[in-house]
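Here are some short exercises to work through with the model open beside you. Try each task on your own before you read its solution.

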Amino acid sequence: MGYSELEKTENGNLVNPDDWTEDIAREMASRDGISVLTEKHFDLINFLRDEFINNNANQPNERNMVKAMSALWGEKISTKDLYDLFPKQPSKQATFIAGLPETRRKGGY
């Protein structure tokens with residue numbers, strides 16, 4: 001089943017995060033202007049999914065994403081590095097592609 005067959009909110013977010021697969025993520029990313037999802041894209045996507053599913057529906061802000069990805073990748077990164085991956089705002093675009101509910105947060109801090 002593809003993204004178009006799944007139940008979505010009016011903004012296109014998946015209603016049920018359990019419907020998400022990596023193939024669905026690739027389809028969503030392509031529709032949202034990201035032609036290829038790299039390992040780094042999936043690192044952030046999987047971090048967001050893990051936080052939401054296993055940490056009481058937590059949706060980390062960009063500052064916390066930077067800290068987590070810096071630790072995971074073993075290098076100091078900046079918010080710009082996240083925007084290179086998800087140019088339409090990491091906290092919103094990555095959350096969307098991760099198949100999670102739309103975040104109400106406005107940004108980084």
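A contact here means heavy atoms within 4.5 Å. This is a predicted model, in which local features need pLDDT of at least 70 and side-chain atom pairs count only at pLDDT 80 or more, while totals for chains, interfaces and linings use all residues. Residues are numbered from 1 along each chain as its sequence is written, and side-chain values use heavy atoms, with hydrogens and water left out.

**Exercise 1. The whole chain**

Task: find out how many helices and strands the protein chain has, and what share of its contacts with a separation of 6 or more comes from residues 24 or more positions apart.

Solution:
- Step one is the secondary structure, taken as DSSP runs numbered from the N terminus (helices are H or I, at least four residues; strands are E, at least two). The chain has five helices and zero strands, in the order α-α-α-α-α along the sequence.
- Next comes compactness. The radius of gyration is 13 Å, close to the 13 Å that the globule rule gives for 109 residues, so the chain is as compact as a globular protein of that length. This radius is taken over C-alpha atoms, and the rule is 2.2 Å times the number of residues to the power 0.38.
- For the dimensions, the C-alpha trace spans about 40 × 30 × 20 Å along its principal axes.
- Now the contacts: among those with a separation of 6 or more, 55% join residues 24 or more positions apart.
- Last is burial, where buried means under 20% relative accessible area, exposed over 50%, and partly exposed in between (1.4 Å probe, protein chains only). Of the 109 residues, 48% count as buried.

**Exercise 2. Helix α5 and its glutamine**

Task: work out which helices the buried residues of α5 pack against, and which backbone nitrogen lies 2.9 Å from a polar side-chain atom of Gln93.

Solution:
- Begin with the helix itself. Seven of the eight residues of α5 are buried, so this helix is mostly covered. The buried ones are Pro90, Ser91, Gln93, Ala94, Thr95, Phe96 and Ile97.
- Then look at the partners: these buried residues pack against α1 (22-31), α2, α3 and α4.
- Zoom in on Gln93, which belongs to α5 (residues 90-97). Because its relative accessible area is 3%, Gln93 counts as buried.
- Trace its surroundings. Beyond neighbours within four places in sequence, Gln93 touches Asp32, Ile34, Phe86, Pro87 and Lys88.
- Finish with the polar atoms: the backbone nitrogen is that of Lys88, 2.9 Å from a polar atom of the Gln93 side chain.

**Exercise 3. Positive phi angles**

Task: say where Ala57 and Gln89 lie, and whether each is buried or partly exposed.

Solution:
- A general point helps first: most residues other than glycine have a negative phi.
- Ala57, although not a glycine, has a positive phi of about 60 degrees. Ala57 sits in the loop between α2 (39-54) and α3 (62-73), and is partly exposed at 42% relative accessible area.
- Gln89 also has a positive phi, near 90 degrees. Its place is the loop between α4 (79-85) and α5, where Gln89 is buried at 15% relative accessible area.
- For a glycine, turn to Gly99 just after α5, with a positive phi of about 75 degrees.

**Exercise 4. Three residues outside the helices**

Task: decide whether Pro87, Leu37 and Gly12 are buried or exposed, and which residues each one contacts, leaving aside neighbours within four places in sequence.

Solution:
- Pro87 is in the loop between α4 and α5. Because its relative accessibility is 53%, Pro87 counts as exposed. Its contacts are Ile34 and Gln93.
- Leu37 is in the loop between α1 and α2. With a relative accessible area of 12%, Leu37 is buried. Its contacts are Ala25, Arg26, Ala29, Phe42, Ile45 and Ile97.
- Gly12 is in the segment before α1. At 10% relative accessibility, Gly12 counts as buried. Its contacts are Tyr3, Met28 and Phe96.
- As a distance check, Gly12 and Asp43 are 31 residues apart in sequence and 22 Å apart in space, C-alpha to C-alpha.

Terms used:
A polar contact is a pair of N or O atoms within 3.5 Å; within protein, one must be able to donate a hydrogen and the other to accept it, and residues adjacent in sequence count only if both atoms are side-chain atoms.
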